[in-house]
Amino acid sequence: MISLHSFAIKASLHRSFPTSLRSTLSVSNSARSFIRLPSAGKRNLSVISASGRDSSMSSNNDSHGSSSKVAESFFRSVLGQMETVYLNRNPTPKSVLELVRSVDGEQLCYDHLAFRTFGVSGYGIDSLASFFLDYGYTPMDELKFPAKKLRALWFAPPDVSAIPGGSGVNGPLPRVFISELLVDQMSSQTQDVIRKYTQASPNGKKYAALSSALGTLTWEKPLSSEFEQLARESEYAAWTLVNGYALNHVTISVHRLRSHLNKIKKLNQFLEEKGLKLNSEGGVLKVSPDGGLLQSSTVADSISFKFSDGVTKYIPCSYIEFAERLVLPQYQNVPESEIRESHRRDGFEVGNADKIFESTFQEQLSRRAG
């Protein structure tokens with residue numbers, strides 16, 4: 001049931017989104033022509049330092065002036081509603097947050113939020129990115145996943161102060177990771193299903209953030225046979241068809257924890273001892289080639305979903321991820337008490353993310369059921 005607070009946000013969103021969700025990225029189905037990054041050049045997408053972020057971010061923040069607090073309050077309210085929908089639908093992330101807080105305290109920081117989209121007719125990355133760009137986020141680097149026919153772009157948050165004592169979406173603003181299915185590379189049958197629903201709701205793409213905050217699809221519910229068709233070819237596609245713009249996962253910033261759980265191996269062990277299943281694809285611990293980014297995740301929850309033909313099935317929903325970012329080599333001599341997020345390994349790693357995607361795949365869900 002949606003609370004009065006939800007209705008208030010919904011009303012605010014209806015008033016604000018048609019103008020604030022103007023797409024600031026060019027719409028393209030080509031992985032090569034999506035966006036020109038001002039400072040990316042031919043950088044290695046696997047290793048990106050925080051110091052490499054575009055300096056325009058700070059000037060962009062300054063330009064907002066006195067209105068920035070109002071914008072931030074609204075922005076965090078929307079993120080809060082996205083988080084509420086996510087936690088209400090997924091008992092495992094909720095349990096994980098409670099378990100970690102029972103040891104570490106109430107203040108937890110999120111490393112990043114992740115979303116999935118269809119790269120067709122403007123429904124892709126830019127449909128959600130526009131909301132974050134409007135609130136000061138900076139586009140960083142593109143990651144490609146040829147085997148899964150996906151690409152992704154991550155966005156760095158503006159440099160704003162966290163709410164004193166704030167946790168989760170009220171703490172330091174997280175990075176944002178948005179992926180999309182390269183629909184044009186799928187079979188004609190799968191393309192037909194995806195286009196059937198996106199074309200029937202041509203303006204739905206403008207309300208991606210609203211859809212995520214309310215926990216609803218911008219297109220009609222599909223037939224169960226269409227879900228199965230997509231699942232046979234791409235479990236990512238099937239997930240997106242029934243979950244839409246819902247938060248795919250939030251990620252706990254492990255190195256920011258205050259207890260002994262601030263090492264990802266100890267956190268993984270703690271969670272497994274509590275009976276939680278972690279994604280084992282490629283090993284429970286996913287490590288970037290440079291050794292600086294360590295990630296793991298739970299297996300996704302399943303929820304009951306009633307399709308438009310009246311068939312009810314359990315479908316994969318969302319999961320929770322964990323990320324530890326190590327101090328970069330050039331900052332190894334900085335005293336521990338002076339280490340900041342900018343001293344740590346930034347960005348994302350294709351190999352890690354490729355395995356994390358499979359947290360919603362049937363092979364991992366079968367392990368959980370077993």
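In what order do the 8 strands of the open sheet run? Select them in this predicted model and read across: β3-β4-β5-β2-β6-β11-β8-β7, with mixed pairing.

**The sheet edges**

Go to the two ends of that order. β3 (138–145) and β7 (286–287) are the edge strands; each has a single partner strand, so one side of each lacks a neighbour in the sheet. Stay at β7 and add strand β8 (residues 293–297): the two pair in the antiparallel sense over 2 bridges. Here K286 is placed opposite Q295 of β8.

**Helices on the sheet**

Next, show α4 (residues 91–104). This helix packs on the sheet, where it touches β2 (110–118), β6 (249–253) and β11 (319–325). The direction of α4 makes about 45 degrees with that of β11.

Then show helix α9 (residues 235–243), which lies across β2, β4 (150–156) and β5 (175–181). Relative to β2, α9 runs at about 90 degrees.

**α4 against α10**

Return to α4 and add helix α10 (residues 264–273). Their axes come within 11 Å and cross at roughly 115 degrees, and the crossing is right-handed. To see the contact, display the side chains of V96, L99, V100 and V103 in α4, together with L267, F270 and L271 in α10. These contact residues comprise 7 nonpolar, no polar and no charged.

**The aromatic rings**

Now colour the aromatic residues; the whole structure holds 19 aromatic pairs. Pick F75 and Y137, a tilted pair at 5.8 Å centre to centre with 45 degrees between the planes. This pair links distant parts of the chain: F75 sits in helix α3 (residues 68–89), while Y137 is in the loop between α5 (125–134) and β3, 62 residues apart. F75 and Y137 are both buried.

Move on to F131 and F132. Their rings form an edge-to-face pair, 5.4 Å centre to centre and 75 degrees between the planes. Both F131 and F132 are buried.

Extend the selection to F74, F75, F115, F131, F132, Y135 and Y137, which ring pairs link into a cluster.

**A last stop at α11**

Finish at D354, found in helix α11 (residues 350–356). Is D354 buried or exposed? The residue has a relative accessible area of 17%, and because the cut-off for buried is under 20%, D354 counts as buried. Leaving aside residues up to four places away in sequence, D354 touches F145 and K148.

Note on methods:
Residues numbered from 1 in each chain as written. Predicted model: local features only at pLDDT ≥ 70, side-chain atom pairs only at ≥ 80, totals over all residues. Heavy atoms only, no water. Axes fitted to C-alpha atoms, helices over the stretch in contact; angles between N-to-C directions. Helix = DSSP H or I, 4+ residues; strand = E, 2+ residues; numbered from the N terminus. Left-handed = near helix turned anticlockwise from the far one by under 90°. Contact = heavy atoms within 4.5 Å. Nonpolar A, V, L, I, M, F, W, Y, C, P; charged D, E, K, R; others polar. Buried < 20%, exposed > 50% of the residue type's maximum accessible area, 1.4 Å probe, protein only. Pairing = 2+ DSSP bridges. Phe/Tyr/Trp six-rings, centres within 6.5 Å; stacked < 30°, edge-to-face > 60°.
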